[in-house]
Amino acid sequence: MATLASAPGRKPHGRFRLAVDIGGTFTDLVAVDTASGAVVRAKADTTPGQLDAGVLKALAQSGVPGEAIEAFIHGTTVVINAITERRGAVTALVTTRGFRDVLEIGRANRPDLYNLAYAKPAPFVPRHLRFEVTERMTWQGTAARPLDEDEAAAVAGSIAAAGVTAVAVCLLHAWANPGHERLLAAILRARLPGIAVVASHEVSGQWREYERSSTVALSAYVQPVVAGYLGSLAASLRGQGVIGPLYAMRSNGGVGSFERAARAPVSLLESGPVAGVIAAAELGRRLGNRNVLTLDIGGTTAKTSAIRDGEVRIDTLHHIGRTPSFPGYPVQVPTVEIIEIGAGGGSVIWLDGADGLHVGPRSAGADPGPACYGRGGARPTLTDANLLAGRLDPGYFLGGAMPLDPAAAERSLARLGAQVGADARAVARGALRYATAQMSHALRLVTVRRGYDPRDFAFVAYGGAGPLHATLLARELGITRTVIPPGPGHFSAFGMLASPMRGEAVRTVLGRLGRLDLAAAFAGVERAAAAELGQGTQGAGDVQVARYAELRYAGQEHTLEVPVPDPRDPAAIAAAFERRCLEAYSFRLDAPVEVVALRVSATAPAAGLSWADQAPPGAVPPSASRVVDLDPYGEPRRVPVLLRAELADGRQVRGPCVIEEPAATTLVLPGQAAGQDRAGNLVVEELP
Amino acid sequence: MTADRFTMDVLREGFAAISDEMFTSLQRTSQSPIIYEVLDFGVGITDAAGELVSQGNGVAGFLGPLGDVVREVLARRMDLRPGDVIAANDPYSGGGTHLSDVALVRPVFADGDLIGFAVAKGHWTEVGGKDPGSWTADSADVYAEGLQLPFVYAWRGGEPAGDLRAILAANSRLPEMTLGDLTAQAACLEVAERRLAEMCARYGAGAVRAAMSAAIDRGERLARQALARMPHGVYAASDHTDTDGLGNGPFPVQVRVEIGPGGMTCDFTGSHGQVPGPINCTWSGLVSGVRTVFKAITDPAEPATDGWFRPLTIICPPGTIFTARRPAPVAAYFEATEMATDLVWHALAPAFGDRLPAGTFMSVCSTSLALTHPESGEPALLVEPQAGGWGAGREADGQHALVSAGDGETYVIPVEVAEQRYGIRVERFGLDIVPGAGAGRRRGGRGLVREYRICCDEALLTVAWGRHESPPWGAAGGRDGSPNYVEVLRGGRPAGPRFGKAARVRLARGDLVRLVTGTGGGYGDPREREPERVLADLRDELITPEEAARWYGLADSGRPVGHGNSGITDIKVDNA
């Protein structure tokens with residue numbers, strides 16, 4: 001696909017905040033003129049193997065001159081690619097004597113319960129590259145045995161002989177006292193010039209030796225790749241005249257400088273999806289919705305996150321590649337919580353051996369893609385079902401840039417239906433009902449698991465297929481308000497532009513609430529968060545500090561996190577914990593409350609950004625009306641089709657109708673009304 | 001909404017969502033760590049006849065009891081009204097395992113008609129009995145194991161049965177936790193009732209009933225299709241259980257498995273009678289153990305319904321170690337369940353090399369250590385399963401360090417957490433290399449060694465481990481693995497012989513408890529192992545040079561390859 005820019009030929013002027021997000025297929029660029037709010041967009045093919053080439057191509061297409069960029073923000077898949085494709089450095093791990101196998105043992109769980117041939121995740125450092133040194137810290141942070149420095153030097157020699165290019169260090173209880181790790185890392189660095197050495201306390205202040213070992217091992221594993229990539233991209237951008245600061249989007253929902261990102265590369269893992277959640281939280285704030293459920297549906301998955309009381313939920317432990325039957329690889333990196341469901345536009349509709357209908361989790365991907373793409377895909381997908389149900393316009397997909405083939409969709413569905421005596425339309429309807437049920441169950445679980453009620457949330461839907469399914473799901477879940485932001489296809493990129501600079505620090509700190517000097521304990525964590533934030537802020541405004549504590553009743557294992565506005569007021573903290581307990585667990589106990597971890601987030605907010613993104617009209621206008629299957633809220637019937645731009649005058653329309661824009665289609669059901677607010681959000685609400 | 005054929009699929013998806021939501025609800029609201037951390041519970045819904053429609057499990061061990069417990073309620077012809085909840089933990093009637101596992105059943109009605117049941121069975125931390133935590137390794141009868149609930153009403157028409165709560169509280173060392181578990185478990189049944197009622201309102205009770213039958217029948221159809229593709233024949237295995245915790249045994253056990261066009265039959269006739277110690281299981285424990293293997297060879301991923309298991313027949317006379325009768329002790333019943341799994345697995349392994357590897361360490365290896373925390377001076381109780389070596393398959397080497405087949409989403413306790421929480425010192429946690437064990441063309445996975453240094457004046461150790469007397473079995477010419485064992489070192493020297501079962505072993509400050517789990521069985525002749533794999537294992541120090549020479553046919557050539565302390569040297573291939 002050719003690159004395209006929204007305003008070809010015209011050279012933008014002004015001061016731009018510019019975000020480039022690398023996806024699997026496309027590299028998306030969005031820039032906002034901070035003076036006028038005008039939006040520039042560009043899209044280039046992603047260039048696997050040399051990702052920065054795609055970035056530069058998109059930049060050239062956008063026409064934004066390098067010197068006009070006041071901030072460059074980058075979302076990249078380079079880290080996750082290096083891990084999933086196992087293209088990282090040959091890595092060694094040095095641990096406390098007696099614990100060489102921690103990384104390989106993992107937690108010994110078998111999530112795939114009845115698979116007796118189950119295989120656990122293979123470690124990123126093989127046994128012969130895992131070394132032990134004599135030393136011992138206690139959990140109180142005292143040295144029970146000093147580090148044997150001669151042994152450390154000998155290990156350095158073995159590592160040098162083994163041909164590794166990165167070294168991870170993880171000693172027991174380094175979360176309590178990193179003294180031995182520091183000393184060991186210094187010895188290794190002195191004896192291993194040119195080899196990246198990463199110690200666990202530099203990337204995680206949390207306990208649990210397997211999870212911390214995994215974090216530091218993966219950090220070391222990707223460090224040379226990521227540092228090389230960011231370094232060469234920075235050089236290219238400077239070559240293009242970019243003088244503004246360069247930032248990378250991080251899993252914690254903020255941005256950090258390239259230098260910080262290169263030092264803690266595992267913090268970049270989930271940058272793209274996270275940015276969408278940040279944008280949704282920001283949108284919710286502007287609309288006065290403090291509870292927001294996000295819905296981001298793409299080709300292979302649906303992603304969702306619950307924003308509660310205006311706060312995105314940060315997990316202090318994230319698992320890479322986790323599925324219900326595979327534990328994945330843990331990283332102790334603060335990550336915005338996102339739940340993934342294996343259902344997207346490309347999800348394959350299929351019948352099992354007992355003629356039971358299923359949708360996904362297998363996906364036709366982009367190639368061959370759904371049958372209606374006409375690229376040779378023969379198996380029907382959710383997109384084919386939507387097309388046959390009239391919910392997509394074959395002539396207005398991507399604004400008409402990609403004509404769809406309804407006959408191919410029908411053929412694929414009819415072939416499946418023939419096995420069970422159903423016609424293509426019945427199969428499409430069944431599959432759409434099934435997908436709605438599947439997605440609504442997953443969304444309900446996300447909220448119920450936390451003790452929330454989905455009816456207390458507003459829905460923010462984006463991604464290519466989010467708007468198409470959102471109103472059906474909202475009604476299923478009892479959600480009365482659905483918001484489709486402007487430019488739903490680029491919403492994640494807007495999230496990057498809106499993201500603050502963010503430094504996050506988590507420390508395992510153990511003690512009884514009330515006895516522990518929380519103010520003193522927080523001071524250290526705050527310093528770490530400020531250091532993590534680094535120098536130079538992305539926009540105006542002072543650094544804001546938010547404190548959180550992970551608490552539990554004595555004797556429990558699981559913790560709940562509560563905000564700590566005042567660390568000197570344990571009674572208020574305990575009260576907040578009890579409220580949270582009742583909400584999440586439905587009970588409270590008469591037991592002492594323990595502190596397990598402290599988290600501080602230091603943010604320097606981005607300059608208040610408004611975006612007046614009106615998508616360019618499509619190549620062709622959509623048809624003025626079409627027959628749409630409104631199941632289960634009505635039989636197929638002809639309904640009006642509106643262009644989203646037509647709603648700019650503030651008019652309200654009643655369902656049933658369809659609202660088209662090049663990047664998305666929104667279905668307004670009978671009993672719902674839709675209109676655009678002044679900021680250009682499409683709001684669909686249930687009529688009273 | 002009209003109910004067409006695809007409505008059956010939407011409702012099937014809905015049934016799965018109901019058990020997911022029940023699972024989440026119970027995990028979220030239970031106060032028993034063994035429920036919310038170890039996930040030692042199962043939930044599900046059945047049709048009006050007690051046939052399981054969908055279930056949610058955190059461990060493999062609850063494949064049997066859920067439908068059985070509902071069918072027992074029906075068999076007892078109990079008066080059932082909306083808002084009733086029935087409690088049962090009787091090990092010897094339908095769905096019973098051991099007293100710690102308490103089942104609650106709630107009938108669900110639509111417009112006055114019974115449409116099904118919601119059922120949950122969970123391991124409560126405390127139900128009374130002779131030892132704290134109710135679970136023990138040396139009970140002589142069931143009366144020592146806790147309070148028995150022989151299908152009694154816990155709620156009647158939505159009102160809590162006050163007498164039961166008072167009895168539970170009076171018999172529990174942790175009454176608040178016990179009553180909390182009762183409430184949490186009942187709440188997850190209400191979730192199911194609410195969702196089923198919503199379904200009936202939307203699709204009609206008739207459609208919901210039809211979809212329940214369809215879901216059960218679908219399971220049967222898929223299982224039969226899987227069976228039809230299997231090698232038919234008669235398979236057999238025999239083995240010995242370990243001692244019973246009271247010094248008796250080992251005891252012979254056996255199975256004969258027949259796979260034919262009509263299904264699979266497992267006949268345990270000839271296995272030893274029930275034994276004096278608590279390693280007996282009852283019918284539901286046997287069923288769970290056998291179903292685990294049946295599920296593994298048919299399709300591990302498909303949802304489990306009672307329909308799925310219709311083609312499976314289990315035969316075992318009453319009064320055996322697998323079908324104990326009152327008042328035989330059953331506190332450590334899971335060891336007999338694991339043995340039932342292992343027997344059927346052993347019998348079928350030759351025919352299912354891709355799905356069933358060689359023998360595993362087989363035991364939950366449940367371990368409890370009662371200590372005093374040296375920092376706080378308060379009592380602390382460490383209870384944990386151990387992970388061990390799994391057997392090699394036809395193509396893959398065995399997995400190191402996984403929890404047993406009866407466990408599942410069960411986690412070992414991190415060293416750093418264990419030291420802080422229990423005030424012990426963990427001196428070693430790593431793979432245990434037993435030379436020669438599990439050697440094969442595909443090598444058995446290694447077990448673990450975990451060492452606890454006692455840092456308080458006195459501690460009590462209780463273990464109920466299996467596979468201590470006999471090692472995991474090798475397959476197709478692979479060598480056996482190694483047995484599980486516990487030993488106590490005092491002043492650096494063994495304080496006595498190694499053991500697999502013991503109750504309340506008295507330990508003193510400075511003692512070292514060494515917990516060692518076995519290497520899994522090997523698969524195929526070790527001499528056929530590719531030399532590059534042998535060399536890689538040597539480089540990784542997963543085997544010793546002596547082992548390489550003796551079992552894998554490699555000869556020493558004197559050049560070092562490893563970096564550890566074992567003095568490993570380079571090896572020449574000697575296939576002669």
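This is a short tour of a predicted model, moving from the contact between two chains to single helices and loops.

**Stop 1: the two chains together**

Show chain A and chain B in separate colours. Where they touch, 57 residues of chain A are in contact with 66 residues of chain B. Now keep the chain A side of this contact selected. Four helices of chain A give two or more residues each to that side: H3 (102-105), H7 (209-239), H12 (424-448) and H16 (570-585). Which of the elements gives the largest share? That is H12(A), with 9 residues. Colour the chain A side by residue class and the split is 30 nonpolar, 13 polar and 14 charged.

**Stop 2: H12 and H13 of chain A**

Stay on H12(A) and add helix H13(A), residues 466-477. The axes of the two helices are 10 Å apart and the packing angle is about 60 degrees. Angles that are neither under 35, over 145 nor between 65 and 115 degrees count as oblique, so H12(A) is oblique to H13(A). The crossing of H12(A) past H13(A) is right-handed.

Next, display the side chains at this contact. From H12(A), select Thr436(A), Met439(A), Ser440(A), Leu443(A) and Arg444(A). Their partners in H13(A) are His469(A), Leu472(A), Leu473(A), Glu476(A) and Leu477(A). Taken by class, the contact of H12(A) with H13(A) holds 5 nonpolar, 3 polar and 2 charged residues. When reading such lists, recall that an α-helix has 3.6 residues a turn, so residues three or four places apart point the same way.

**Stop 3: H4 and H5 of chain A**

Move to helix H4(A), residues 149-162, and helix H5(A), residues 179-191. Their axes are 9 Å apart, and the helices pack at about 40 degrees. That angle makes H4(A) oblique to H5(A). H4(A) passes H5(A) in a right-handed crossing.

On the H4(A) side, pick Glu149(A), Ala152(A), Ala153(A) and Ala156(A). They meet Leu184(A), Ile187(A), Leu188(A) and Arg191(A) of H5(A). This contact of H4(A) with H5(A) has 6 nonpolar and 2 charged residues, and no polar ones.

**Stop 4: two loops of chain A**

Select Arg208(A), in the loop between helix H6 (200-203) and H7 of chain A. Arg208(A) is not a glycine, yet its phi is positive, near 90 degrees.

Then go to Pro632(A), in the loop between strands S30 (625-628) and S31 (637-643) of chain A. Is the peptide bond from Asp631(A) to Pro632(A) cis or trans? The bond is cis, with omega near 5 degrees.

**Stop 5: the domains of chain B**

Hide chain A and colour chain B by domain: domain 1 covers 5-221, domain 2 covers 357-529 and domain 3 covers 530-573. Between the C-alpha centres of domain 1 and domain 2 of chain B there are 33 Å. At their contact, 10 residues of domain 1 of chain B touch 14 residues of domain 2 of chain B. On the domain 1 side, 5 of the residues are nonpolar, 4 polar and 1 charged.

**Stop 6: H1 and H5 of chain B**

Select helix H5(B), residues 175-203. How does its span compare with what its 29 residues should give? At 1.5 Å a residue the expected span is 42 Å, and the end C-alpha atoms of H5(B) are 42 Å apart, so the two agree. Just after H5(B) comes Gly204(B), with a positive phi of about 95 degrees.

Add helix H1(B), residues 5-29. The axes of H1(B) and H5(B) come within 8 Å and cross at roughly 160 degrees. Angles over 145 degrees count as roughly antiparallel, and H1(B) and H5(B) are therefore roughly antiparallel to each other. H1(B) passes H5(B) in a right-handed crossing.

Among the residues of H1(B) in this contact are Leu11(B), Ile18(B), Met22(B) and Leu26(B). Those of H5(B) include Cys188(B), Val191(B), Arg195(B) and Tyr203(B). The whole contact of H1(B) with H5(B) divides into 12 nonpolar, 5 polar and 2 charged residues.

**Stop 7: a cis bond in chain B**

Finish at Pro327(B), in the loop between strand S11 (312-315) and helix H8 (334-348) of chain B. The peptide bond joining Arg326(B) and Pro327(B) is cis, and its omega is about 0 degrees.

Key
Residues numbered from 1 in each chain as written. Chains lettered and ligands numbered in written order. Predicted model: local features only at pLDDT ≥ 70, side-chain atom pairs only at ≥ 80, totals over all residues. Domains from an automatic or database assignment. Contact = placed C-beta atoms within 7 Å. Nonpolar A, V, L, I, M, F, W, Y, C, P; charged D, E, K, R; others polar. Expected span 1.5 Å × (residues − 1). Axes fitted to C-alpha atoms, helices over the stretch in contact; angles between N-to-C directions. Left-handed = near helix turned anticlockwise from the far one by under 90°.
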